[in-house]
Amino acid sequence: MTEQPKVVLITGASSGIGEATARRLAADGHRVFLGARRTDRLEKLSDEIRGDGGTAAFRRLDVTSAEDMRSFVAAASAEFGRIDVLVNNAGVMPLSPLESLLVDEWDRMLDVNVRGVLHGIAAALPVMRAQGAGHFVNIASIGAYEVVPTAAVYCATKFAVRAISDGLRQESTGGVRVSVISPGVTESELADTITDPTARDAMTAYRATALPATAIADAIAYAVGQPPEVDVNELVVRPVART
Ligand code: NDP
């Protein structure tokens, strides 16, 4: 149990890294407010966290809507009285070579992975500024540091998350902290969004060695658990012996 319980909002909490983070932070004593589109999963997860003695609530969230994100942050503030941390975790990864021209999937990655993070910042920053403190934990990827074939657009979205996060950090003078957590291959449902057959087959082999989602949850918990004067800016967490 942490000495400083916080109110932590997590987008994309219905599976994978978001779900593991919700469980880990709730176990640490933080109050978690969970968002995603699959509310059946959020309800089950919240029930399980409460059953284990934690504090959790949820609301349906589509991060591609700025209005929905504002309502999500407002609902968390109403539920718990403040917001300390927003984990911008929701993401999709429908990989494909550019020549496949899956323009709708490019748009979806931009909408969820980039606009979703911006919507989170737009909704939560005024609240954090008014409080005089707050913490954004933005989930990027090793794809924020290197580009590989089939991942041009996905990597572009994650480079963008890093760029936006670093800009936000540099502009933050009012006690607002910014952390970028970049996972390597991690067990989750992320690859299920791939429709291109070539990219899907390549990913099956690539993802054979994967971290458990709890490894990324642990990194997020580390950043969240630092004292107010410490800002963990970037963490990259890969499976051992992976480039
Ligand atoms: P999952 O597919 O398991 O989880 C993705 C989450 O995002 C789900 O909870 C999903 O919920 C949510 N989501 C997707 N679209 C939206 C939307 N429009 N609005 C709200 N929520 C949405 O994958 P991961 O746990 O792996 O992904 C979490 C983050 O980690 C992503 O940003 C991903 O890019 C990043 N990452 C993952 C890696 C990995 O190997 N797993 C490696 C590097 C980075 P729902 O469908 O219910 O809305």
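Glu 67 is partly exposed, since its relative accessible area is 47%, and in this predicted model the side chain of Glu 67 meets that of Arg 70 in a salt bridge, with 2.8 Å from N to O. Arg 70 is likewise partly exposed, at a relative accessible area of 44%, and the two residues both belong to helix 3 (residues 66–80), where they stand three residues apart, about one turn of the helix. Side chains of opposite charge can pair when their charged atoms come close.

Helix 4 (residues 103–131) holds another such pair, Arg 115 and Asp 111, and because these are four residues apart, about one helical turn separates them. Their side chains form a salt bridge at 2.6 Å, N to O; Arg 115 has a relative accessible area of 42% and therefore counts as partly exposed, and Asp 111, with 27%, is also partly exposed. Elsewhere, Glu 19, Arg 23, Lys 44 and Glu 48 are joined into one network by salt bridges that share partners. Within that group, the side chains of Arg 23 and Glu 19 meet at 2.8 Å, N to O, and both residues lie in helix 1, four residues apart, about one turn of the helix. Arg 23 counts as partly exposed at 34% relative accessibility, as does Glu 19 at 23%. Over the whole structure, a search finds 14 salt bridges.

The ligand is surrounded by 31 residues, of which the closest are Ser 15, Arg 37, Arg 38, Tyr 154 and Ser 188. By class, this shell is made up of 14 nonpolar, eleven polar and six charged residues. Oxygen atoms of the ligand take part in polar contacts with both backbone and side chain: a polar backbone atom of Gly 12 lies 3.0 Å from one ligand oxygen, a polar side-chain atom of Lys 158 lies 2.9 Å from a ligand oxygen, and a polar backbone atom of Gly 184 is 3.5 Å from a ligand oxygen. Taken alone the ligand exposes 880 Å², and the protein buries 96% of that area. Helix 1 (16–27) and helix 5 (152–171) are the elements that give two or more residues to the shell.

Gly 184 also leads to Thr 186, for the backbone oxygen of Gly 184 lies 2.8 Å from a polar atom of the Thr 186 side chain. Thr 186 sits in the loop between strand 6 (176–183) and helix 6 (197–206), and it counts as buried because its relative accessibility is 4%, under the 20% cut-off. Leaving aside residues up to four places away in sequence, Thr 186 touches Ile 17, Arg 207, Ala 210, Leu 211, Pro 212, Ala 213 and Ile 216.

Key
Residues are numbered from 1 along each chain as its sequence is written. This is a predicted model: local features need pLDDT of at least 70, side-chain atom pairs count only at pLDDT 80 or more; totals for chains, interfaces and linings use all residues. Side-chain values use heavy atoms; hydrogens and water are left out. A residue is near a molecule or strand if one of its heavy atoms lies within 4 Å of it. A polar contact is a pair of N or O atoms within 3.5 Å; within protein, one must be able to donate a hydrogen and the other to accept it, and residues adjacent in sequence count only if both atoms are side-chain atoms. Accessible areas come from the Shrake-Rupley method with a 1.4 Å probe; for residues, only the protein chains shown count as cover. Ala, Val, Leu, Ile, Met, Phe, Trp, Tyr, Cys and Pro count as nonpolar, Asp, Glu, Lys and Arg as charged, and the others, Gly among them, as polar. Buried means under 20% relative accessible area, exposed over 50%, partly exposed in between (1.4 Å probe, protein chains only). Contact means heavy atoms within 4.5 Å. A salt bridge is a side-chain nitrogen of Lys or Arg within 4 Å of a carboxyl oxygen of Asp or Glu.
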